[in-house]
Amino acid sequence: MRQHNILLLTIAIDIVICVTATPTTAREAVSDVASCGWEQIPDINTQEIQEIARWAVAEHARQASDGLQFKRVVSGMQQLVSGVNYKLCIDAVNGEAKEGTYRAEVYDQPWTQTRTLDYFVPTN
């Protein structure tokens with residue numbers, strides 16, 4: 001139990017360090033994200049990024065049974081950890097042919113074939 005509390009305290013301290021100042025401009029917001037290890041994905045059109053986003057939509061559709069289908073990645077950030085965390089903005093189409101934009105966070109570690117969908121939510 002003590003190790004669990006230490007882990008939670010460490011996570012809380014990391015969060016406080018990353019959000020100590022409230023940004024007032026978009027440039028400051030990007031700077032704050034980058035200081036926590038997040039960087040803009042240089043080319044969202046690569047096959048790798050598109051495939052990770054396609055997987056995220058398929059995983060969401062599997063969990064939610066809503067028939068959502070991948071269209072394209074609009075933008076994204078990445079963070080190098082023991083794999084890579086991705087924050088992606090994705091265009092997708094629902095079963096009624098209505099387009100929408102979604103935010104997803106995916107953890108990917110190719111060498112262990114580990115991929116996790118941390119969240120998937122509409123932007124509206």
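Buried residues, those under 20% relative accessible area (exposed is over 50%, partly exposed in between; 1.4 Å probe, protein chains only), make up 31% of the 124 residues in the protein chain. The model is a predicted one, in which local features need pLDDT of at least 70 and side-chain atom pairs count only at pLDDT 80 or more, while totals for chains, interfaces and linings use all residues. Residues are numbered from 1 along each chain as its sequence is written, and side-chain values use heavy atoms, with hydrogens and water left out.

**Exercise 1. State which part of the chain has pLDDT under 50.**

Solution. Begin with the score itself: pLDDT is the predictor's confidence in each residue, from 0 to 100. Its mean over the protein chain is 80, and 72% of the residues reach 70 or more. Next, locate the weak segment: pLDDT stays under 50 over residues 1–33. For that segment the model has seven contacts (heavy atoms within 4.5 Å) beyond four places in sequence. Where pLDDT is low, the predicted coordinates should not be read in detail.

**Exercise 2. Describe the order of helices and strands and how the strands pair.**

Solution. Helices (H or I, at least four residues) and strands (E, at least two) are DSSP runs, numbered from the N terminus. The chain has three helices and five strands, in the pattern α-α-β-α-β-β-β-β. Two strands pair if DSSP finds at least two bridges between them. Take the pairs in turn:

- β1 (residues 38–40) runs antiparallel to β2, with three bridges; Glu39 stands opposite Gln78 in β2.
- β2 and β3 are antiparallel and joined by 10 bridges. They form a hairpin with three residues between them, and Gln79 has Asn85 in β3 as its bridge partner.
- β4 and β5 pair in the antiparallel sense over eight bridges, Glu105 being partnered by Tyr119 in β5. Four residues lie between these strands in their hairpin, where Gln113 takes a positive phi near 55°.

**Exercise 3. Identify the residues with the most contacts inside the largest nonpolar core.**

Solution. A nonpolar core is a set of buried Ala, Val, Leu, Ile, Met, Phe, Trp, Tyr and Cys residues joined through side-chain atoms within 4.5 Å. The largest has 20 residues, and those with the most contacts inside it are Ile49, Val73, Tyr86, Leu88, Ile90 and Phe120. Two or more residues come from each of α3 (47–64), β2 (69–80), β3 (84–93), β4 (99–109) and β5 (114–122). Then follow one member: leaving aside neighbours within four places in sequence, Ile49 is in contact with Ile41, Asp43, Ile44, Val73, Tyr86 and Leu88.

**Exercise 4. Characterise the pairing of Tyr102 with Phe120.**

Solution. Rings of Phe, Tyr and Trp (its six-membered ring) pair if their centres lie within 6.5 Å; planes under 30 degrees apart count as stacked, over 60 as edge-to-face and the rest as tilted. The count comes to one aromatic pair. Tyr102 and Phe120 are stacked, at 5.3 Å centre to centre and 25° between the planes. Because Tyr102 lies in strand β4 and Phe120 in strand β5, the pair ties together parts 18 residues apart in sequence. Both Tyr102 and Phe120 are buried.

**Exercise 5. Determine whether Arg72 is buried, partly exposed or exposed, and list its contacts.**

Solution. Arg72 lies in strand β2. Its relative accessibility is 39%, so Arg72 counts as partly exposed. Beyond four places in sequence, Arg72 is in contact with Gln50, Cys89, Ile90 and Asp91. The C-alpha atoms of Arg72 and Ala53 are separated by 7.8 Å, although these residues are 19 apart along the chain.
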